[in-house]
Structures are given as C-alpha cells and as structure tokens.
Amino acid sequence: MAFPYMEAVVGFMIFMYLFETYLDLRQQAALKLPMLPKTLEGVISQEKFEKSRAYSLDKSYFHFVHEFVTILMDSAILFFGVLPWFWKKSGNLLVLIGLNAENEVLHTLAFLAGVMIWSQITDLPFSLYSTFVIEARHGFNKQTIWLFFRDMIKGIALAVLLGPPIVAAIIIIVQKGGPYLAIYLWAFMFVLSIVMMTIYPILIAPLFNKFTPLPEGELRVKIEKLASSLKFPLKKLFVVDGSTRSSHSNAYMYGFFKNKRIVLYDTLIQQCKNEEEIVAVIAHELGHWKLNHTTYTFIAVQIVTFLQFGGYTLVRNSNDLFQSFGFDTQPVLIGLIIFQHTVIPLQHLVSFGLNLVSRSFEFQADAFAKKLGYAKELRSGLVKLQEENLSAMNTDPWYSAYHYSHPPLVERLAALDEPDKKLESIDKMQTKKAI
C-alpha cells in the first residue's frame, strides 16, 4: 500500500495551523495586558502604549481571519485535487488557442498564469483591508487606491517578464541534469540570486520608490565618517520616499564587495529628530556587515537550498508521490511544488533555527554599536522606532521565540543596559590594586 503523502501533508498543515493559532492566542493575551513591561515604564508614554496596543490587537484579529481562510483554501485545494484538475484545464486551454499542450514549458506557464490570477483574486480583499482599513485607521497608510493598484500591476508585469525564462531554465535543467541535477539546480539558483540582488536595487526598486542622494549636511558627514572609520566601502547614500506609501520607518544597506550603498527611509529622518539616533541605527547595520552576518546567512540559505534540491532528486520520479496528489503525469514544476509540501515539517524547523540565529545576530550588532560608543543613542533610537511604528510592547515569550527574527525591545534594551564585562573586570582589578 502506497504511503498517503497528500493526507499526511494536509494533516501536518492543519496541525501547524492549530499550533500557531495557540501561539497567536498567547500573543493576543499579552497584547491585552493593560500595563507596560517594567523595563519600558517611564520610557514609553502611556498614549503611545495605548495606540500600540490598539494597532497590535487590530492586526491580531485580522490575522486570525486571514489564517483561517488560508488553511481552509490550502487544505481544500490539496484534498479535493484542485491542482491536478487545474493542470489538465491549463493544457486544454493551450489546445483551445492552438498551442502544443505536450510542450511542458508552455503547459507550466499556462498553469502558473492561472495560479497567479487565482492568488491575486483571493489575496486582494485581505490586502485592501489591511492597507486601507487597518493601516489607515492607525495613521500609517499614505498611498492612494491608484498607487496601490499601480504597484500591483507593476508586480504582475515583472512576474510575467522574469518568470517565463526562469521557469523554462529550471525545467530544462531538470530534464537534462542527470546524476548532477542537484548541483546544477543549486548553481542556477545561486547565480539567479546574485543577479537579482544586483539588479533589484538598480532596476526594480526604483520602479516602486524614488531614491535620491542624502543632501549635504551634518547627518551625511556623520554617516560617511562612521563608514570610513570602519573601512566600509560606502559608494552611495540614499533617501527613499517611503512616506508615499506608509509612515513606517526603516534603514538598510546592500551591494557587493567595494560597491556598498545605504538607504534611509525619509520617515526615519522625520521621526528621529536627533541625528545621533539615526547614526546609531546605521552603526547597528554596519555591525551586521563588520561581523559578516549577511555572509553567514547567505551561506546558510545556500546550504539549505542545496539540501532541498538533493532531496527533490530522490523523489522526483516517485509515482506514488505524484499519484497521491492526483497526478497521472510527472511535470517538473508540479514535482517541485509537491516536494515543497512534503518537507514542510523540515522547513518549519529550519525557519525556527534561522530565527534563533538572526536574533543572536541582532544582539551582536547592538553590542557592536554600543562598543562604538552609541549605546545611549541606539537605545533612544530603538525606543523612538518602537513608538513611531506602534510595535507591540508586550510579547509572549513563546510567540516571539517562534516568530520573531528580531528580539523584542525589552530584551534589546536589557542587553544594552548590561555593563560591559571587560570594563567590569578592569574596574575590579583596579580596585584590588588600590586596596
């Protein structure tokens, strides 16, 4: 008797939904607490706390509805054989318009086009409600309905432009890969990720936002001086018009080798009136670079990707696997989709592990900024960002451990407030000598 892969996948999806719903309920209970954590008393105003609480609870209620609808649709699609039905219908459509349904590339693209249309239709109500009701209610949304749909159309156009050659390349690699298929697939995805990381900030991101050089002034001088002191190869320093869509704030850096760039959201500059706070935030980001966090994360992702492709090569010709999901043929992309579903348990474990590593990296980057002398400024900057973004002040430890890639503010402030151990030991030695 063949193993019931599909039933096992659906069962695990429901199990994870129930587990994550339990964590969501724990987090919602934490959000309903009427008092600030002791660490934040006197640091966060009661007014900001109440606004943050209302915003977080609104998002929590919305999340419950969204996740419930999602698990219903995803389970029904697998359990009632919607995928194989849609695969056959996409082939029939090709025949209807005079194309060859036996051409796997064309068949796959027709299938993906239908999936994209379906996902856009089903996700649109949630996106609209999140943006124009929840975000607008709490003062974050700044975009018009026209800008919203313009961004959506641009995203679809990019998918139509970039998707077909990528899909075609993957199918051809699988068909001709032979015994080294996993290596070829990984190499292709590695090159693709490098290319996308190169062209995204230069060609794609400007389609959605306007990037302008940070004007001359004290802030620019301070950031350039900090970068120079760390030998960070800063080539360009931009401000992005994030305020055209949202009042949430952020900062990030990108680029390879000697061509690094730093991007500040205009909302960050508006919210942090003290320029030293912005410089402290940049010091934190530069800490990630100096400590090679980005490189380590990239390597970890590449290892996971290679192992996934290795696992795929072991089951890609399994009749039992395809038949369990209702397929009587073995299309390449369908095989990849099915395999991704079967390794969901491992993906959850990997995601949890990467979150733990990411949280550790955040503490290290904070400590790096502290070592540079920005402890006070980073502390006030983190508080300001927490206030202005109305981030959750109370967090359940289980929920944050499972979901958060960044430690909660309370934990970060506690780490920043810890005395430097080296300084403590020096002080003790000096005290003993004096005695």
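This tour moves through a predicted model, stop by stop, with a selection to make at each one.

**The whole chain**

Begin with the entire protein chain in view. Its 435 residues include 39% that are buried. The chain contains 16 helices and four strands, and its C-alpha atoms fill a box of roughly 85 × 50 × 50 Å along the principal axes. Of the contacts between residues at least 6 apart in sequence, 75% join residues at least 24 apart.

If the viewer can draw a surface, display it now. The accessible surface comes to about 24,000 Å², and carbon and sulfur atoms account for 66% of that area. Colouring by charge adds another view: the chain has 40 positive and 37 negative charges, whose mean positions are 6 Å apart.

**Helix 2**

Next, select residues 46–79, which form helix 2. This helix has 34 residues and reaches 49 Å from its first C-alpha to its last, close to the 50 Å expected at 1.5 Å a residue. Now show its side chains. The buried residues of helix 2 include Phe49, Tyr55, Phe62, Phe64, Ile71 and Leu78. Ser52, Ser56, Asp58, Ser60 and Ser75 are also among the buried residues.

Against which helices do the buried residues of helix 2 pack? Colour helix 1 (5–31), helix 3 (82–96), helix 4 (104–137) and helix 12 (332–342) to see these partners. Then move to Gly81, which follows helix 2 and has a positive phi, near 65°.

**Ile171 in helix 5**

Select Ile171, whose place is in helix 5 (residues 145–176). Is Ile171 buried or exposed? Its relative accessible area is 1%, so Ile171 is buried, the cut-off being under 20%. Apart from residues up to four places away in sequence, Ile171 touches Glu104, Val105, Thr108 and Val332. For a sense of distance, add Val10 to the selection: Ile171 and Val10 are 161 residues apart in sequence and 27 Å apart in space, C-alpha to C-alpha.

**The annotated binding site**

Now select His284, His288 and Glu362, which UniProt lists under "binding site" in an unreviewed entry. These residues span 79 residues in sequence, yet no two of their C-alpha atoms are more than 8.3 Å apart, so they gather at one spot.

Centre the view on His284, which lies in helix 9 (residues 275–290). With 5% relative accessibility, His284 counts as buried. Beyond its neighbours within four places in sequence, His284 is in contact with Glu362, Ala365, Asp366, Ala369, Leu378 and Arg412.

**The annotated active site**

For the last stop, select Glu285 and Asp366, the residues covered by the "active site" annotation in the unreviewed UniProt entry. They span 82 residues in sequence, but their C-alpha atoms are not more than 8.8 Å apart, so they gather at one spot.

Glu285 lies in helix 9. Neighbours within four places in sequence aside, Glu285 is in contact with Ala251 and Met253.

Asp366 belongs to helix 13 (residues 344–388) and counts as buried at 2% relative accessibility. What does Asp366 contact, leaving aside its neighbours within four places in sequence? Show His284, Leu378, Leu382, Arg412 and Leu416 to see these contacts. The contact between Asp366 and His284 links a residue of the "active site" annotation to one listed for "binding site".

Technical notes. Residues are numbered from 1 along each chain as its sequence is written. This is a predicted model: local features need pLDDT of at least 70, side-chain atom pairs count only at pLDDT 80 or more; totals for chains, interfaces and linings use all residues. Side-chain values use heavy atoms; hydrogens and water are left out. Helices (H or I, at least four residues) and strands (E, at least two) are DSSP runs, numbered from the N terminus. The expected span of a helix is 1.5 Å times one less than its number of residues. Buried means under 20% relative accessible area, exposed over 50%, partly exposed in between (1.4 Å probe, protein chains only). Contact means heavy atoms within 4.5 Å. Accessible areas come from the Shrake-Rupley method with a 1.4 Å probe; for residues, only the protein chains shown count as cover. Lys and Arg count as positive and Asp and Glu as negative; His and the chain ends are not counted. The place of a charge is taken as NZ of Lys, CZ of Arg, CG of Asp or CD of Glu. UniProt positions are given in the numbering used here, feature names are shortened, and annotations may be inferred rather than shown by experiment.
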